[in-house]
Amino acid sequence: KQNIDLTRQAKFASTPAFALFVTLKNVVCKIGEDAEVLMSLYDPMESKFISENYLVKWSSSGLVKDIDQLHNLRAVFTDLGSEDLKREKISFVCQIVRVGRMELRDNNTKKLTSGLRRPFGVAVMDVTDIITGKMDDEDKQHFIPFQPVAGENDFLQTVINKVITAKEVNHKGQGLWVTLKLLPGDIHQIRKDFPHLVDRSTAVARKMGFPEIIMPGDVRNDIYVTLVQGDFDKGSKTTPKNVEVTMSVYDEDGKKLENVIFPGAGDEGINEYKSVIYYQVKQPRWFETIKVAIPIEDVNRSHLRFTFRHRSSQDSKDKSEKIFALSFVKLMRYDGTTLRDGEHDLIVYKAEAKRLEDSSLYLNLSSTKLELEEKGYSATGKNSQNLGICTISKDSFQISTLVCSTKLTQNGSTKVKFNKTSHPLLFFPTSVNDRFKAAFYLTSA
């Protein structure tokens with residue numbers, strides 16, 4: 001063990017960063033419909049994702065949807081550092097989301113709604129030994145057993161945690177085949193040192209959060225948004241709704257920003273993101289994380305809009321379902337700093353569906369319960385703000401955000417703006433690592 005540790009220390013001592021290189025060889029699952037395979041690194045001790053997703057779209061025929069990617073499904077999970085080596089455990093988690101009809105067994109003769117994102121199952125592998133360098137065999141194909149959701153209503157996050165604690169998975173031969181290898185260096189170094197593995201076509205899944213040392217030239221403006229959970233009243237329906245959340249980004253004039261939402265590395269930017277639907281669940285828990293990458297000059301004018309809609313399994317009924325509520329949050333606060341990292345309890349507003357489309361009607365309202373309380377109003381309706389045509393619903397919706405930007409700050413007292421002509425030299429280092437960063441910036445300046 002000491003020899004292994006020494007070798008590993010020598011190998012990674014020369015670099016402050018490393019990455020996990022993953023090749024997806026095959027997905028053996030009887031899905032029967034198109035699916036999304038979402039792979040990411042996960043800390044089971046903290047029950048949270050470490051990296052963004054690597055997304056592969058799988059077709060109902062059992063092959064990758066984009067045939068050009070056949071035998072070339074490669075991703076590199078970058079920005080890992082010494083803090084990650086200290087983690088007690090790291091898991092490689094794969095979530096499979098079925099894209100099709102509401103229920104697989106539903107072969108109703110009536111026309112069924114298609115294109116719904118439904119939970120299908122997860123596959124989990126403990127990669128602690130690979131990340132800590134105790135195991136290194138890039139040619140070895142690992143089989144990661146697949147655990148289907150019990151009744152298409154198990155929350156995927158719950159299944160992940162269940163599989164992690166389970167002794168074994170009754171996979172019936174279903175699972176994923178992957179190869180894994182640890183590579184030293186940041187992405188630029190890796191491309192230079194391992195061109196046979198990592199080229200321009202390799203997907204790059206970044207860490208959610210900054211690497212320990214930010215290299216000069218690493219300009220980043222990513223906002224990670226996690227749909228956490230909600231609580232929705234069934235209203236006039238006899239059973240709880242099948243709630244689908246749609247997230248999009250708009251400017252203050254109500255214009256939608258295009259191609260700024262990224263569900264996973266390896267996929268193009270999209271205009272709106274639709275959540276997984278949990279069937280007839282009053283309190284859905286999604287834990288779906290999406291990256292929003294907006295041009296720096298547009299951030300201060302932009303807001304995230306979340307609309308809620310009940311989805312019906314029958315196409316004719318589904319078409320008549322309108323948006324029943326809306327939540328929103330501005331990306332910049334009134335003091336010029338970005339939205340704070342962490343969880344936000346958003347207010348759920350109700351109004352006519354057509355009115356909810358008009359951003360001028362809601363943008364001057366409070367977006368979070370905290371903001372409402374700060375203004376001296378109550379979220380219960382007593383002593384409530386004059387909302388015009390919107391009313392505050394009893395429904396609740398929670399998101400969590402994380403800003404990874406080399407250009408924006410969350411600190412109101414020292415508004416350091418990064419641009420082409422200035423360098424972040426307003427720096428009060430408190431740790432060795434911070435001093436190292438400061439020296440780095442000074443030398444790069």
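The following exercises, each with a worked solution, concern a predicted model.

**Exercise 1. The cavity**

Determine how many cavities of 30 Å³ or more the structure holds, and describe the lining of the largest cavity.

Solution.

Step 1. The count is one cavity of 30 Å³ or more. The volume of the largest cavity is about 210 Å³.

Step 2. Its lining comprises 23 residues. Those nearest the centre of the cavity are Leu 38, Asn 53, Pro 263, Glu 288 and Thr 289.

Step 3. Two or more lining residues come from each of strand S2 (34–43), strand S6 (91–100) and strand S15 (285–293). The greatest contribution is that of S15, with five residues.

Step 4. By residue class, the lining of the largest cavity holds 13 nonpolar, six polar and four charged residues.

**Exercise 2. A salt bridge between two strands**

Characterise the salt bridge between Glu 244 and Lys 274 by distance, by location and by the burial of each partner.

Solution.

Step 1. The closest N and O atoms of Glu 244 and Lys 274 are 3.9 Å apart. The cut-off for a salt bridge is 4 Å, so a pair at this distance is counted.

Step 2. Glu 244 belongs to strand S12 (residues 243–251) and Lys 274 to strand S14 (residues 272–274). The two residues are 30 residues apart, and the pair links distant parts of the chain.

Step 3. Glu 244 has a relative accessible area of 2% and is therefore buried. Lys 274, at 30% relative accessibility, is classed as partly exposed.

**Exercise 3. Two further pairs and a network**

Compare the setting of the Asp 318 and Arg 311 pair with that of the Asp 335 and Arg 333 pair, and name the members of the salt-bridge network.

Solution.

Step 1. Asp 318 and Arg 311 form a salt bridge with an N to O distance of 2.8 Å. Both of these residues are buried.

Step 2. In the bridge between Asp 335 and Arg 333, the closest N and O atoms lie 3.9 Å apart. Asp 335 is partly exposed because its relative accessible area is 25%. Arg 333 is likewise partly exposed, with a value of 29%.

Step 3. Salt bridges link Glu 244, Lys 256, Glu 272, Lys 274, Arg 309, Arg 311 and Asp 318 into a network. In total, the structure holds 34 salt bridges.

**Exercise 4. Positive phi values**

State the approximate phi of Ser 47 and of Phe 287, and place each residue in the structure.

Solution.

Step 1. Most residues other than glycine have a negative phi, so a positive value in such a residue merits attention.

Step 2. Ser 47 is not a glycine, yet its phi is positive, at about 50 degrees. Ser 47 is located in the loop between S2 and strand S3 (48–49). With a relative accessible area of 33%, Ser 47 is partly exposed.

Step 3. Phe 287 also has a positive phi, near 50 degrees, and is a residue other than glycine. Phe 287 is part of strand S15. Its relative accessibility of 22% makes Phe 287 partly exposed.

**Exercise 5. A surface patch**

Identify the residues of the nonpolar surface patch that contains Leu 70, and locate Leu 70.

Solution.

Step 1. The patch is formed by Leu 63, Ile 67 and Leu 70, which together have about 240 Å² of accessible area.

Step 2. Leu 70 occupies the loop between strand S4 (54–58) and strand S5 (74–80).

Step 3. The relative accessible area of Leu 70 is 32%, so this residue is partly exposed. Membership of a patch requires over 30% relative accessible area.

**Exercise 6. Separation in sequence and in space**

For the pairs Leu 156 with Arg 285 and Gly 217 with Thr 406, give the sequence separation and the distance between C-alpha atoms.

Solution.

Step 1. Leu 156 and Arg 285 are 129 residues apart along the chain, and their C-alpha atoms are separated by 8.7 Å. Leu 156 lies in helix H4 (residues 156–165) and is buried, at 3% relative accessible area.

Step 2. Gly 217 and Thr 406 are 189 residues apart along the chain, with 10.0 Å between their C-alpha atoms. Gly 217 is situated in the loop between strand S10 (203–205) and strand S11 (221–231). Gly 217 has a relative accessible area of 69% and is therefore exposed.

Notes
Residues numbered from 1 in each chain as written. Predicted model: local features only at pLDDT ≥ 70, side-chain atom pairs only at ≥ 80, totals over all residues. Heavy atoms only, no water. Patch = residues over 30% accessible without salt bridge, like charges linked within 9 Å, V, L, I, M, F, W, Y side chains within 5 Å. Areas by Shrake-Rupley, 256 points an atom, 1.4 Å probe, with all protein chains shown as cover. Salt bridge = Lys/Arg side-chain N within 4 Å of Asp/Glu carboxyl O. Helix = DSSP H or I, 4+ residues; strand = E, 2+ residues; numbered from the N terminus. Buried < 20%, exposed > 50% of the residue type's maximum accessible area, 1.4 Å probe, protein only. 1 Å grid on protein atoms, 1.4 Å probe; cavity = no way out; pocket = protein on both sides within 12 Å on 5 of 7 lines; lining within 4 Å. Points joined across faces, edges and corners; volume = space filled by probe spheres on them. Nonpolar A, V, L, I, M, F, W, Y, C, P; charged D, E, K, R; others polar.
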